[in-house]
Amino acid sequence: MVIETEKQTELENLKADVEKTLNLYESYISGSANRTRQMIENKGIKKTLEELVQSSECQQGFRKLHECNKLNESFEALVLKHKSLFSENIVECAKFRLNNPDALKNIKFGK
């Protein structure tokens, strides 16, 4: 029961952090991250982050945060911060993306 409560607390903390990241990104683009918000609504936060950090595509949000020197606020950084919620594979994908942002620049943008 204690572990379940801790995971629930961690998930709530992740949700708050994701909202902060979305708000930051939206402030940089002076617009809304509609597609990401829709993904979260449809799939949930955890599944959305898993899909995004495993993607071979470089999402616009990742690139924008990289341009603004804010990768420490990216979804990849949030996966590392809340790694107890994610599989080892997802954590490794997030690490790779954070350690190789310039290599991702030439990869097709996600929608």
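Accessible areas are those given by the Shrake-Rupley method with a 1.4 Å probe. In the predicted model described here, the accessible surface of the protein chain amounts to about 6,800 Å², and carbon and sulfur atoms contribute 49% of that area. Of the 111 residues in the chain, 35% are buried.

The fold is built from helices: the protein chain contains seven helices and zero strands, and the pattern read along the sequence is α-α-α-α-α-α-α. The radius of gyration of the chain is 14 Å, close to the 13 Å that the globule rule gives for 111 residues, so the chain is as compact as a globular protein of that length. Along the principal axes, the C-alpha trace extends over about 45 × 30 × 25 Å. Among contacts with a sequence separation of 6 or more, 69% join residues that lie 24 or more positions apart. With respect to charge, the chain carries 18 positive and 17 negative charges, and the mean positions of the two sets are 5 Å apart.

Several buried residues illustrate how the helices are brought together. Val-79 is located in helix H5 and is buried, with a relative accessible area of 0%. When residues up to four places away in sequence are not counted, Val-79 touches Leu-49, Val-53, Phe-86, Ile-90, Val-91 and Ala-94. The C-alpha atom of Val-79 is also 8.5 Å from that of Leu-14, although the two residues are 65 positions apart in sequence.

Ala-94, one of the contact partners of Val-79, belongs to helix H6, which comprises residues 88-99. Ala-94 counts as buried because its relative accessibility is 0%, under the 20% limit for that class. Beyond its neighbours within four places in sequence, Ala-94 is in contact with Val-53, Glu-76, Val-79 and Leu-80. Val-53 is thus a contact of both Ala-94 and Val-79. By contrast with these contacts, the C-alpha atoms of Ala-94 and Asn-34, which are 60 residues apart along the chain, are separated by 22 Å.

Leu-65 occupies a position in helix H4 and counts as buried at 3% relative accessibility. Apart from neighbours within four places in sequence, the contacts of Leu-65 are Thr-21, Leu-24, Tyr-28, Lys-70, Leu-71, Glu-73 and Ser-74. For one of these partners, Leu-24, the C-alpha to C-alpha distance from Leu-65 is 8.7 Å, across a sequence separation of 41 residues.

Burial is not confined to helical positions. His-82 is placed in the loop between H5 and H6, yet counts as buried at 2% relative accessibility. With residues up to four places away in sequence left out, His-82 touches Glu-10, Asn-13, Leu-14 and Asp-17. Leu-14, touched by His-82, is also the residue whose C-alpha atom lies 8.5 Å from that of Val-79.

Two other loop residues are exposed and share an unusual backbone feature. Ser-30 is situated in the loop between helix H1 (2-29) and helix H2 (34-43), and its phi is positive, at about 50°, although Ser-30 is not a glycine. At 70% relative accessibility, Ser-30 counts as exposed. Asn-69 lies in the loop between helix H4 (60-67) and helix H5 (75-81). Asn-69 likewise has a positive phi, of about 55°, without being a glycine, and is exposed, with a relative accessible area of 68%.

The cysteines were considered next. A disulfide is a covalent bond between the sulfur atoms of two cysteines. The structure holds zero disulfides. Cys-58 takes part in none, and the nearest cysteine sulfur, that of Cys-68, is 13 Å away. At this distance the sulfur of Cys-68 is too far from that of Cys-58 for a bond, because a disulfide requires cysteine sulfur atoms within 2.5 Å. The surroundings of the two residues also differ in exposure: Cys-58 counts as buried at 2% relative accessibility, whereas Cys-68, at 26%, counts as partly exposed.

Conventions
Residues are numbered from 1 along each chain as its sequence is written. This is a predicted model: local features need pLDDT of at least 70, side-chain atom pairs count only at pLDDT 80 or more; totals for chains, interfaces and linings use all residues. Side-chain values use heavy atoms; hydrogens and water are left out. Helices (H or I, at least four residues) and strands (E, at least two) are DSSP runs, numbered from the N terminus. The radius of gyration is taken over C-alpha atoms; the globule rule is 2.2 Å times the number of residues to the power 0.38. Buried means under 20% relative accessible area, exposed over 50%, partly exposed in between (1.4 Å probe, protein chains only). Contact means heavy atoms within 4.5 Å. Lys and Arg count as positive and Asp and Glu as negative; His and the chain ends are not counted. The place of a charge is taken as NZ of Lys, CZ of Arg, CG of Asp or CD of Glu.
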